[in-house]
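Open the model in your viewer and keep the selection tool at hand. The stops below say what to select next and what is there.

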Amino acid sequence: MPSYADSNGDGYGDFKGITSKLDYLQDLGIKGIWLTPFLKSPKVDNGYDVADYYEIDPTYGNKADFDIFLKEAHKRDIKVIMDMVLNHTSTDCKWFQEAKKSKDNPYRDYYIWKDKPNNWESFFGGTAWEFDETTNQYFYHKFDKKMADLNWSNPKVVDEAQKVLRFWLDAGVDGFRLDVINFLTTDGITKDNPMKDENQIHLYDIDQSGVKEAMKTIKSTVNAYENRFIVGEIGSDKIEVLKQYQSEELLDVVFNFNFGSIPIFSSERIFNELQSMEKNMSNYPTLFFGSHDMPRMIDRLADGNPEKATALATLIFTAKGVPFVYYGEEIGMQNILAESLEEMMDIQGKTHYQLALSKGKTPEQALLEGNKNNRDKSRSPMQWNDNNFAGFSIEKSWIKVGQDYKINNVEDLKKDKKSIFYNYKELIALRNKEKVLQYGKYDRLGHKDNQILYTRSFEGESITVIVNFGDSVKIKLPKKAKILLGNKELKTNSFIIYKK
Ligand SMILES: [Ca+2]
Ligand SMILES: [Ca+2]
């Protein structure tokens with residue numbers, strides 16, 4: 001939300017800004033938008049700390065701005081899903097403000113309170129317990145201490161969550177991206193987590209028994225409305241865990257970070273994940289290489305090389321699954337690093353900076369450590385070639401935008417047939433046109449000589465895709481093959497898509 005398009009020059013993206021860019025998104029061929037949190041929040045964690053589930057944060061506009069945005073998106077055949085955070089609330093939330101007043105406050109059991117903390121750790125590092133002096137108890141926070149975990153074993157919390165979901169469904173959203181949804185504390189606080197070497201194994205604090213029951217309630221609430229969609233963020237690196245949450249009565253699709261956040265480029269590793277998703281997922285897997293929680297795809301996997309990035313994008317748009325594009329990926333936006341602690345907005349970056357200092361590291365070393373974990377690097381303003389972020393780059397930025405600002409400007413990229421943007425547009429248009437690429441099953445999915453290749457078919461048609469990360473090679477096509485995109489002179493980091 002804060003980085004996409006700023007309509008009033010205050011340095012933050014807003015609904016009027018996004019609305020003004022809907023033509024651009026339609027032109028790109030985008031069919032859906034996932035909005036990161038826009039509800040009222042002190043933004044300790046990029047808005048994932050909601051203070052009021054019924055109010056739009058004034059930084060982004062008001063309900064009328066939201067309504068216009070939604071109407072204009074729908075007019076362009078673009079669906080809109082919103083981030084929904086149900087694991088925790090901001091400690092500024094009225095529920096928490098009430099809960100901490102006294103032990104017998106009606107809101108007390110909305111959260112999790114203990115006389116003595118156990119060994120559970122915060123995701124950001126350190127203990128997951130914060131002492132409250134008013135009532136002499138600790139409350140549980142899986143994330144920052146300004147974000148208190150909701151107590152999902154309290155039926156009132158379940159009711160509140162349903163009310164919130166219905167409010168936004170009534171407002172017209174097409175679905176939700178459910179934040180850390182397998183972290184819901186549905187079964188209270190049980191035993192200490194076991195330790196392995198110096199690391200905690202998250203045996204009891206996530207994937208609690210009761211999470212599926214909670215998901216069922218969420219899904220049936222959403223299913224009462226027509227044609228809605230749920231994608232779940234599941235914090236797990238085990239496909240066995242992921243796959244059990246994806247079903248008709250739980251979540252439509254889930255993010256698989258084994259694929260999405262592959263840390264270094266390897267065609268074999270990418271292929272293995274595609275194969276693992278094909279074997280394990282009953283419905284479509286999700287396909288993405290970028291998000292607000294990880295470094296920019298082009299830096300992380302493509303060595304800054306636009307051809308390599310385009311080849312990776314080919315997989316997202318043509319393999320079996322639901323593709324997600326992170327804003328700016330289509331123009332090759334790169335990481336922006338903070339040059340000091342003051343430039344870091346992300347709680348994760350700041351926490352790691354402080355942890356490094358407390359371990360005796362120098363400020364320079366702490367900055368390196370902070371930047372490594374700082375998620376701001378992929379959250380910099382969309383590089384529009386107009387005045388939206390003018391002045392933003394230095395004085396007003398919530399992170400400093402580096403000197404590369406505007407090198408990749410959208411208007412130039414639109415004209416350049418070799419640009420990432422041009423290729424994204426072609427690939428998305430092809431996907432939108434060909435049902436095989438939307439619904440087709442795999443007839444074949446293979447990997448050899450650093451080439452990933454697959455054939456997909458649907459209603460009697462079939463399309464073959466070869467993405468070559470190996471040496472240049474000339475492909476021999478079947479006789480009646482019709483090339484849809486690419487070239488049979490298959491250079492390194494290029495692709496071919498053809499119909500038989
Ligand atoms: Ca603004
Ligand atoms: Ca929780």
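**Salt bridges between distant segments**

Select D293 and R375: their side chains form a salt bridge, with 3.2 Å from N to O. The coordinates are those of a predicted model. D293 sits in the loop between β15 (286-287) and α10 (297-300), and R375 in the loop between α13 (363-373) and α14 (392-396), so this contact ties together parts 82 residues apart in sequence. R375 is buried, at 9% relative accessible area, whereas D293 is partly exposed at 29%. Now add D45, D346 and R379 to the selection; with D293 and R375 they are linked in a network of salt bridges.

Next, select K499 and E461, whose side chains meet in a salt bridge at 3.5 Å, N to O. K499 belongs to strand β23 (residues 494-499) and E461 to strand β19 (residues 461-468), and the two are 38 residues apart. K499 counts as buried at 16% relative accessibility, while E461 is partly exposed at 36%.

Then go to D77 and K31, a salt bridge of 3.6 Å, N to O. D77 lies in the loop between α3 (63-75) and β4, K31 in the loop between α2 (22-28) and β1, with their positions 46 residues apart in the chain. K31 is partly exposed, with a relative accessible area of 45%. The count for the model comes to 27 salt bridges.

**The parallel sheet**

Colour β1, β4, β10, β13 and β14: in that order, these five strands form an open sheet with parallel pairing. Its edges are β1 (32-35) and β14 (253-255), each pairing on one side only. Neighbouring strands are turned by 25° against each other on average, direction ignored. Zoom in on β10 and β13 (residues 229-233), which run parallel and are joined by four bridges. One bridge partner to pick out is V231 in β13, opposite R177. Helix α5 (residues 155-170) packs on the sheet, where it touches β4 (79-84) and β10; its direction makes about 160° with that of β4.

**The calcium ion**

Which residues coordinate the calcium ion (ligand 2)? Select N87 (OD1), D149 (OD), F183 (O) and T185 (OG1), which do so at 2.2 to 2.4 Å. Of these, D149 is in strand β9 (residues 147-149) and F183 in the loop between β10 (175-178) and β11 (195-196), 34 residues apart. Both D149 and F183 are buried.

**Helix α16**

Finish at α16 (residues 420-433), a helix of 14 residues that reaches 20 Å from first C-alpha to last, close to the 20 Å expected at 1.5 Å a residue. Its buried residues include F421, Y424, L427, I428 and R431.

Terms used. Residues are numbered from 1 along each chain as its sequence is written. Chains are lettered from A and ligands numbered from 1 in the order in which they are written. This is a predicted model: local features need pLDDT of at least 70, side-chain atom pairs count only at pLDDT 80 or more; totals for chains, interfaces and linings use all residues. Side-chain values use heavy atoms; hydrogens and water are left out. Donors are N, O and S atoms within 2.8 Å of the metal (3.2 Å for Na, K and Ca); water is not among the atoms, so sites may look incomplete. Buried means under 20% relative accessible area, exposed over 50%, partly exposed in between (1.4 Å probe, protein chains only). The expected span of a helix is 1.5 Å times one less than its number of residues. Two strands pair if DSSP finds at least two bridges between them. Axes are lines fitted to C-alpha atoms, for helices over the stretch in contact, and angles run from 0 to 180 degrees between N-to-C directions. Contact means heavy atoms within 4.5 Å. A salt bridge is a side-chain nitrogen of Lys or Arg within 4 Å of a carboxyl oxygen of Asp or Glu.
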